[in-house]
Amino acid sequence: MAERTISDIIEGQELLTAPASMTVTEAARLMKQRNVGAMMVVDGDQLVGVFTERDALFRVLAPGLDGGKTPLSAVMTPNPRSISPDRPFEHALGIMHEGGFRHLPVTRDGRPV
């Protein structure tokens with residue numbers, strides 16, 4: 001059986017990105033609408049961070065920040081590890097296990113795909 005690539009896994013998925021200036025509340029609404037637990041934060045077309053539901057809980061709600069005024073840039077995970085779409089799926093699992101995270105952006109030349 002041939003190794004599945006990341007490209008095989010994400011085929012047909014719609015990309016969800018947001019600018020770092022978007023508020024947490026706006027991002028949470030988009031994530032709910034799309035039924036996803038994370039979104040990629042971009043500056044232009046370059047990945048600069050990841051915002052997850054855990055970020056919303058632990059970095060916004062728990063400390064009592066106002067989600068309507070807090071930009072993603074203040075609570076996202078900056079400069080996240082990423083993986084190329086041509087890499088094997090098993091490699092992604094290894095990176096996620098090693099790093100202790102559940103979301104791994106897929107990028108090509110720093111741009112989310």
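Is R81 buried, partly exposed or exposed? Select R81 and look at its surroundings: R81 is partly exposed, with a relative accessible area of 42%. Keep in mind on this tour that the model is predicted.

**Stop 1: R81 and its partner**

Keep R81 selected and add E98. These two form a salt bridge, and their closest N and O atoms are 3.4 Å apart. The pair connects distant parts of the chain: R81 sits in the loop between β4 (77-78) and α5, while E98 belongs to helix α5, 17 residues apart. E98 counts as exposed, at 64% relative accessibility. Side chains of opposite charge can pair when their charged atoms come close.

While you are in this loop, select N79, which also has its place between β4 and α5. N79 is a residue other than glycine, yet its phi is positive, near 45°. Most residues other than glycine have a negative phi. With 66% relative accessibility, N79 counts as exposed.

**Stop 2: the other salt bridges**

How many salt bridges does the structure hold? There are three, and you have just seen the one between R81 and E98.

For another, select R111 and D45. Their side chains meet in a salt bridge at 3.9 Å, N to O. Here, too, distant parts of the chain are linked: R111 is in strand β6 (residues 111-112), D45 is in the loop between β2 and β3, and 66 residues separate them. R111 counts as partly exposed at 34% relative accessibility, and D45 is partly exposed with a relative accessible area of 44%.

Now select R59 and D55, whose side chains meet in a salt bridge at 3.6 Å, N to O. Both are in helix α3, and because they are four residues apart there, about one helical turn separates them. Compare their surroundings: R59 is partly exposed, with a relative accessible area of 35%, whereas D55 is buried, with a relative accessible area of 7%.

**Stop 3: a patch on the surface**

Stay with helix α3, which covers residues 53-61, and select F58 within it. F58 is partly exposed, with a relative accessible area of 48%. Add L57 and L61 to your selection. Together with F58 they form a nonpolar patch on the surface, with about 320 Å² of accessible area.

**Stop 4: the largest pocket**

Rolling a probe the size of a water molecule over the atoms shows where empty space is left. About 740 Å³ of space lies in the largest pocket. Which residues lie nearest its centre? Select I10, Q13, M40, L104 and V106, which hold that place among the 28 residues of the lining. The elements giving two or more residues to this lining are α1 (6-10), β2 (38-43) and α5 (89-99). Try colouring the lining by class: you will find 20 nonpolar residues, four polar and four charged.

**Stop 5: the second largest pocket**

Next, visit the second largest pocket, which has a volume of about 290 Å³. Select T52, T77, F101, R102 and H103, the closest to its centre of the 13 residues that line this pocket. Two elements, β3 (46-52) and α3, give two or more residues to the lining. The largest share, three residues, comes from α3. By class, the lining has four nonpolar, four polar and five charged residues.

**Stop 6: strand β3 and beyond**

Strand β3 is also where you find V50. Is V50 buried or exposed? At 6% relative accessibility, V50 counts as buried, because buried means under 20%. Add H91 and draw a line from C-alpha to C-alpha: V50 and H91 are 20 Å apart in space and 41 residues apart in sequence.

Try the same with R108 and L47. Their C-alpha atoms are 9.9 Å apart, with the two positions 61 residues apart in sequence. R108 is placed in strand β5 (residues 107-108) and is partly exposed, with a relative accessible area of 46%.

**Last stop: D109**

Finish by selecting D109, in the loop between β5 and β6. What is the phi of D109 near? The value is near 55°, positive in a residue other than glycine. D109 counts as exposed, at 62% relative accessibility.

Definitions and conventions. Residues are numbered from 1 along each chain as its sequence is written. This is a predicted model: local features need pLDDT of at least 70, side-chain atom pairs count only at pLDDT 80 or more; totals for chains, interfaces and linings use all residues. Side-chain values use heavy atoms; hydrogens and water are left out. Patches are made of residues with over 30% relative accessible area and no salt bridge: like charges are joined within 9 Å, nonpolar side chains (Val, Leu, Ile, Met, Phe, Trp, Tyr) within 5 Å. Accessible areas come from the Shrake-Rupley method with a 1.4 Å probe; for residues, only the protein chains shown count as cover. A salt bridge is a side-chain nitrogen of Lys or Arg within 4 Å of a carboxyl oxygen of Asp or Glu. Buried means under 20% relative accessible area, exposed over 50%, partly exposed in between (1.4 Å probe, protein chains only). On a 1 Å grid over the protein atoms alone, a cavity is a set of points where a 1.4 Å probe fits but cannot get out, and a pocket is an open set with protein on both sides within 12 Å along at least five of seven lines; lining residues have an atom within 4 Å of a point. Grid points are joined across faces, edges and corners, and a volume is the space filled by probe spheres set on the points. Ala, Val, Leu, Ile, Met, Phe, Trp, Tyr, Cys and Pro count as nonpolar, Asp, Glu, Lys and Arg as charged, and the others, Gly among them, as polar.
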